[in-house]
Amino acid sequence: MTLVEMMISLVILSVAVLGLIAAFGGVQRGIEMAKDKTLASNLAQEKMQIIQQQTYFSVVPTMTPASLPDGTLYDTDTFPPETITEGGKTFTRYTYVQVIKQNNGTLQVLPPTTPDTGLREITVDVEWQEGGETKKLVLNSVMANPDTVESNCAFSGAVTDAGTGLPIDNALVVVAENISWFNSTNAQGDYSIGLSPGSYNLVASAKGYFSDYLPDAVAANQTVTANFSLTRMSSGVVSGTAWLDPNVIISQVVVSTPQSDGFDVEYLDLYNPTEQDVSVSSITLNYVSWYNNMECDNVQNYLNYASTADTVIPAGGFYLVANTATFTVDGTSVAADAYYASTAYQSCSPGAYQWTWPTTMEIMARSHSGTWWITDEATGNTLDAAGWSDNGGTHSPSHCLGACFDTNGGLASGWELVRYSSQGFLSSSYGPAYKSGDDSVDFTTSDVLAYPPFNSFSSTQPVIAGVPAAGAVISATDGLSSPTTAYLVGSPPSAEFNLPNVATGTWTVYITSGLYELENDTVTIAATGSTYVFPSSTTILYGTATGGFVSGEVTDVNGNPISVPSPIEISGNGSGGLVYADAHTGYYLLPVSTGSVTVTANPNYANPDYISQSSAAISVALGEVASGVDFTLSQGGRLSGWVTRDGVNGLQGLTVNAVDSNGNTQDQETTDVYGDFTTVNMATGTYSIEVPLDTTESASPSSLSGTVAMGQTVFVGTFTISGAMGTIEGSVSSKGEPISTGVLIVVSTATTPVGLSSATLTENAVYTASSLEDGTYSVSVRQSTATPYNIYAYYPVITSTGAVNISNQEITGVTIIAGQTLSGKNFSW
């Protein structure tokens, strides 16, 4: 082979080898990813199995979930996050428990305070890092209460329209005393609710109808027919035109106004349509001319100011920039707020048109095209522009908004470009604020005498238009209407809206567009078919929008608003605080953040005579009013008690259930650090208080009876728990490093090392666990104070010959009490 052939062969082989190396790397990464996903799956299934092996009532619903950046919710109390190392990879395991119920074939998530439905959804989320990205594996399962009281009776019936007799689809029928008993009607208007015997108050509601209330009773093995006839709400229409006025704009431009001394004055007028004063330093002024390709940037840096006060553009007022301090228009002397300095030409490139100092101080070119535009000093974003072309639009400068205004020859001496007050309408009585985003329709030209210049000392002018708020969301608090959006109409355009099906009465209407909103609390629909029209002067969106709203009605089981002993408070996660339902109508309006929101009526039982209720999750968009979130509250009180292991020390973390006379769990609480518990406000009546325990534990007495009295907290008694569990924790290490291969931990009252055989399970009480990859272990054991435990650790080691030696150590004389976590029981080799 020649040298060239050998070199070519080496190149070919090198390419092939590099390809194999790259392919090998890809295969290796694929294997690693598959391994990580398998480990994550095993960890998720392990946690699910651990939870499923617990008693149903030990799997406590997550009351106040925390949230990951991606929105994943997880428990921080009963099932806190766990960090686990497996196969050299660190995984984090999250758990989330929710109350669910089947409704017409679908599983519906309910608030965690809902009385037990017999179903809980468990979500285990395992996350890990791979290649700089967060990977996750999610496992879901449903846990059922094996001791759920079977429904042996039912309410059933139909919900119809009182006017037409036709069925109402998707109407909600709920038992006020237990909100987990509900059903939605089908297309035929039929519903059926399985429940336990008793006397109840049924509530039927549907969008666009007044709710109806029906007290009734049902006995065992009985189906009671309860029909509802709902009255449709009367309604009308809310209409109007929505505008935005978010920033300073250019109101007029004059290229040349000859003075008696022969000096040509040019000026630029700014108008501030907002409700706040604006500093000149917060904006930049820029100009470009098509004629000589000249551009002047940051002109405001080359201005002289008449006074310190003249660096502010007043709300609703003007600001005048000229090439001289004072000038005359129609015999009237006008003072500029700011005027060109002698260095102003330095802002322009390549050079100012006809610029000879001090005779002429002109930036704009007469009878030619040009554009002034304003940008935000902080962001550089364009806020507004006023651009004009000449020669039939063929000479159009840059930076116009939409199309430039065609002057067909440029702005001549003595003529002005002026912005309309509203579409095609110009008046010196109203602010020139119309801005569709198209200079060709937002401006007009006239003789300078028709519309004079204004400075910061001129009278302020109200606005009747602005930027058409197309896409603005319009919502009302009536509970009947659905939000609508404003849409562009006409040329020049405006943003009009029509909100139909607004119930008769006086309501609050919100109009929201981006970061701006308008609230009108006096919108009245007087009668069926009537229309409330917003006048333009009251439809400017100035307020700052930060979220949305939830509205609804709060009543007692008879449909009456609640005012005694106090009106009902309403709160929500992500809300701006508490609001009160109106004591006369029961209606409320709650400001909330956007996203998923849960609303609670009577949080923390501020009105002690009534129970507290929470809604299902509600999705709220920016500026939206999510209406029809109603609550029916029954009267109630609380029960309290104490759980102890010895009559002296309380037991923390035990579940306590309040069970009604029909065997249904109405509340579930967990004892605090002192062993105390207090139920939520429950409907008046007699309840059995029970402590569901593991098979190794027993309670004395097995249950306590308590009667709920309105507005009171009644102490029912004390539970003493025998055989309750504690936890022993520690670590295992070899030569100072955690043992990752696993050490068997055995806890027993035996005084000699427990034999590792099938006989182990027949010896003294034995509890076992295996250490984790990070070298830690945890094992639950029953309380033992009279006879101490001994802890044995068995560490298998493979010798150089392949033999397996098991080395063991022990810690003796360990006592533990129920509810205690005993740490620091460490082993080292």
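This passage describes the disulfides, the accessibility of selected cysteines and one sheet in a predicted model.

Residues are numbered from 1 along each chain as its sequence is written, and side-chain values use heavy atoms, with hydrogens and water left out. Because the model is predicted, local features need pLDDT of at least 70 and side-chain atom pairs count only at pLDDT 80 or more, whereas totals for chains, interfaces and linings use all residues.

A disulfide is a covalent bond between the sulfur atoms of two cysteines. Here the term is applied to a pair of cysteine sulfur atoms within 2.5 Å. The search of the whole structure returned 2 disulfides. With bonded cysteines counted along the chain, their pattern is 1-2, 3-4.

One disulfide is formed by Cys 296 and Cys 348, with sulfur atoms 2.0 Å apart. The torsion about this S-S bond is about 105°, so the disulfide is right-handed. The pair links distant parts of the chain, 52 residues apart. Cys 296 lies in strand β22 (residues 295–296), and Cys 348 lies in strand β29 (residues 348–349). Strands (E, at least two residues) are DSSP runs, numbered from the N terminus.

A disulfide also joins Cys 400 to Cys 404, at an S to S distance of 1.9 Å. The torsion about the S-S bond is about 100°, so the Cys 400 and Cys 404 disulfide is right-handed.

Accessibility was then assigned to the cysteines. Buried means under 20% relative accessible area, exposed means over 50%, and partly exposed is in between (1.4 Å probe, protein chains only). Cys 296 has 0% relative accessibility and counts as buried. Its partner Cys 348 is buried at 9%. In the other disulfide, Cys 400 is buried with a relative accessible area of 16%, and Cys 404 is buried at 12%. Cys 153 is buried too, with a relative accessible area of 6%.

Strands of a sheet pair through backbone hydrogen bonds, either parallel or antiparallel. Two strands are taken as paired if DSSP finds at least two bridges between them. An open sheet of 5 strands has the order β37-β36-β40-β41-β44. Its pairing is antiparallel. The edges are β37 (484–485) and β44 (543–544). Each edge strand has a single partner strand, so one side of each is left without a neighbour in the sheet. Strand β36 (residues 473–476) pairs with β37 in the antiparallel sense over 2 bridges. Ile 474 has Thr 484, in β37, as its bridge partner.

Technical notes
Helix = DSSP H or I, 4+ residues; strand = E, 2+ residues; numbered from the N terminus.
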